[in-house]
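Work through the exercises below with the sequence and the model open. Each task is followed by a solution in steps.

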Number of protein chains: 2
Amino acid sequence: MALTKTEIIRTALAILDDYGLTDLTMRRLADNLNVKASALYWHVANKQSLLAELVNQILAGLTMSESGPEPAAQEWRRRLAAWSMELRARLLEHRDSADLVASMRAIGLAGTELSAAPSSVLQATGMDPEHADVAAQTLLYFILGHVDEEQQRAQLGALAKAGPAAEPTGETTGEAAAVSYRAGIGLILDGMAVALPQPGHPDSG
Amino acid sequence: MALTKTEIIRTALAILDDYGLTDLTMRRLADNLNVKASALYWHVANKQSLLAELVNQILAGLTMSESGPEPAAQEWRRRLAAWSMELRARLLEHRDSADLVASMRAIGLAGTELSAAPSSVLQATGMDPEHADVAAQTLLYFILGHVDEEQQRAQLGALAKAGPAAEPTGETTGEAAAVSYRAGIGLILDGMAVALPQPGHPDSG
DNA sequence: ACCTGAACACCGTTCAAGT
DNA sequence: ACCTGAACACCGTTCAAGT
């Protein structure tokens, strides 16, 4: 039967996971689909737009949690923290995804609306739009930068498999990364709190 | 006379500035030096190590300001803010430099010590080493992410030169970027302040 | 409509051979 | 010591031609 875009994207993601972004070439992708490279150009305009679709796929369904019953003063913080954890989890599912998302975002091809969700949470809590956008972008830069370094480090660590002795690292690195991730998110949320109307403050209660 | 490493690096930086990172190829670099591509491999091990030297060159001489006469409680903030502005200014001198620095950092080839300076300022102000490292990294991710987007946007804007009408953008974009940069840095510094011993607090004065 | 064949204009890197 | 020539094993993309 004929090649479908869905199948192309699925195979591309498999190559990404198994061999990484630099090995995800149009020729190799075509090979895995038992087709010549030129055949791909009937289904996609070029490599960049294919990569953009991969990013959309990776980020699809990422949602901000609903408002809970707790006081609004804590709510924004819990929601942004949970969203940040979910985004990291999603990125960690695909090799080199943080690098890929950051690249596509930088040239405006995909993932550009990623900071809209955290920004609107902050605006709903009383932050003005300009500060909310900057704060959301700051959060996103941290997330992509941190996860990118995690993924790059994991790859360097995978090369040390044929190393001299059995080192006690492995699961440890992932845990340490999660801890420093949470700490960085916490720092940024603290910074946001300063710019937010204080709940116990005289002119707000 | 014979080719020198200094000359190679200087020419590579010139190509980077004029044509961008994707056009900085070994073959084009060799052409600009009136030499064949294979000749470059007598002077550098491979392209990556050459890029690492470019990063070192771009970041060379970047320094943290000395302590001033003001109270320590404000000092760390002024020093980190000034350092952040200096780093941005240095990055803006070379096209695609934020992308380049982030890439080299991610694989541990250059710029890895970049967060050492802000971390030690925070430690000198009383923050414990673990939190100081996380805070410094958070600052750095923001800086590289923000400047990368600035530089990418500037390039997209340069393509709109043959656009329909004379738009009022141009100098405006750079100013807006500087404003949001300062705002983001401010937010991160606010987050750091929360983790720092408070000067007016009972158990510190 | 969908794919192949063949080409174009490139890459980074190696290495024997020249000087 | 320093560089060239020639090759190897690749890239993304286009496009006439096949079915």
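**Exercise 1. The covering of a helix**

Which helices are included in what covers the buried residues of H6(A)?

Solution. The model is a predicted one.
Step 1. Locate the helix: H6 of chain A takes in residues 97–106.
Step 2. Establish how much of H6(A) is covered. Ten of its ten residues are buried, and the helix is thus described as mostly covered. Among them are Leu100(A), Val101(A) and Met104(A), as well as Asp99(A) and Arg105(A).
Step 3. Look for the covering elements. From chain A they include helix H4 (47–59), helix H5 (72–92) and helix H8 (129–159), and H8 of chain B is included as well.
Step 4. Look past the end of the helix. Gly108(A) follows H6(A) and has a positive phi, near 75°.

**Exercise 2. A residue in the core**

Find the residues with the most contacts inside the largest nonpolar core, then list what Val55(A) touches.

Solution.
Step 1. The largest nonpolar core holds 84 residues. Val55(A), Ala135(A), Val55(B) and Ala135(B) have the most contacts inside this core.
Step 2. Leave out residues up to four places away in sequence; Val55(A) then touches Leu100(A), Val101(A), Met104(A), Ala110(A) and Gly111(A).
Step 3. Compare with Exercise 1: Leu100(A), Val101(A) and Met104(A) are among the buried residues of H6(A).

**Exercise 3. Chain A as a whole**

Describe the secondary structure, the span and the burial of chain A.

Solution.
Step 1. Count the elements: chain A has nine helices and zero strands. The pattern along the sequence is α-α-α-α-α-α-α-α-α.
Step 2. Take the extent of the C-alpha trace along its principal axes, which is about 70 × 50 × 30 Å.
Step 3. Of the 205 residues in chain A, 33% are buried.
Step 4. Consider contacts between residues at least 6 apart in sequence: in chain A, 66% of them join residues at least 24 apart.

**Exercise 4. One residue of the first helix in the numbering**

Is Ile9(A) buried, partly exposed or exposed?

Solution.
Step 1. Place the residue: Ile9(A) belongs to helix H1 of chain A, residues 5–19.
Step 2. Count its neighbours. A buried residue needs 20 or more other C-beta atoms within 10 Å, and an exposed one has 12 or fewer. Ile9(A) has 17 C-beta neighbours inside 10 Å, so this residue counts as partly exposed.
Step 3. List its contacts, leaving aside neighbours within four places in sequence: they are Glu53(A), Leu54(A) and Gln57(A).
Step 4. Check a distance. Leu21(A) is twelve residues from Ile9(A) along the chain, and their C-alpha atoms are 14 Å apart.

**Exercise 5. How the two chains meet**

What rotation superposes chain B on chain A, and what makes up the side of chain B that touches chain A?

Solution.
Step 1. Any two copies of a chain are related by a rotation about an axis and a shift along it.
Step 2. Here the rotation is 180° and the shift along the axis is 0.0 Å, with an RMSD of 0.0 Å. This is the relation of a two-fold axis. Within chain B, Gly191(B) has the C-alpha nearest the axis, at 1.9 Å.
Step 3. The contact takes 27 residues from chain B and 27 residues from chain A. On the chain B side, helix H8 (129–159) and helix H9 (171–195) each give two or more residues. H8(B) provides the largest share, 14 residues. By class, this side has 14 nonpolar, ten polar and three charged residues.
Step 4. Since 100% of the interface residues of chain B are also interface residues in chain A, the copies meet through the same surface.

**Exercise 6. The faces of a helix**

Where do the buried residues of H7(B) fall when seen down its axis?

Solution.
Step 1. H7 of chain B covers residues 116–124, and its buried residues are Pro118(B), Ser119(B), Val121(B) and Leu122(B).
Step 2. They fall within an arc of 160° and so line one face of the helix.
Step 3. Gly126(B) follows H7(B), with a positive phi near 115°.

**Exercise 7. The DNA**

Which residues come nearest to DNA strand D?

Solution.
Step 1. Of the 16 residues around DNA strand D, the nearest are Thr25(A), Ser38(A), Asn46(A), Lys47(A) and Ser38(B).
Step 2. Helix H2 (26–32) and helix H3 (37–40) of chain A, with helix H3 (37–43) of chain B, give two or more residues to this surface.
Step 3. Sorted by class, the surface near DNA strand D has eight nonpolar, four polar and four charged residues.

Note on methods. Residues are numbered from 1 along each chain as its sequence is written. Chains are lettered from A and ligands numbered from 1 in the order in which they are written. This is a predicted model: local features need pLDDT of at least 70, side-chain atom pairs count only at pLDDT 80 or more; totals for chains, interfaces and linings use all residues. A residue is near a molecule or strand if its C-beta atom, placed from the backbone, lies within 6 Å of it. Helices (H or I, at least four residues) and strands (E, at least two) are DSSP runs, numbered from the N terminus. Ala, Val, Leu, Ile, Met, Phe, Trp, Tyr, Cys and Pro count as nonpolar, Asp, Glu, Lys and Arg as charged, and the others, Gly among them, as polar. Two residues are in contact if their C-beta atoms, placed from the backbone, lie within 7 Å. Copies are superposed by least squares on the C-alpha atoms of residues with pLDDT of at least 70 in both. The arc is that of the directions from the helix axis to the C-beta atoms. A nonpolar core is a set of buried Ala, Val, Leu, Ile, Met, Phe, Trp, Tyr and Cys residues joined through C-beta atoms within 7 Å.
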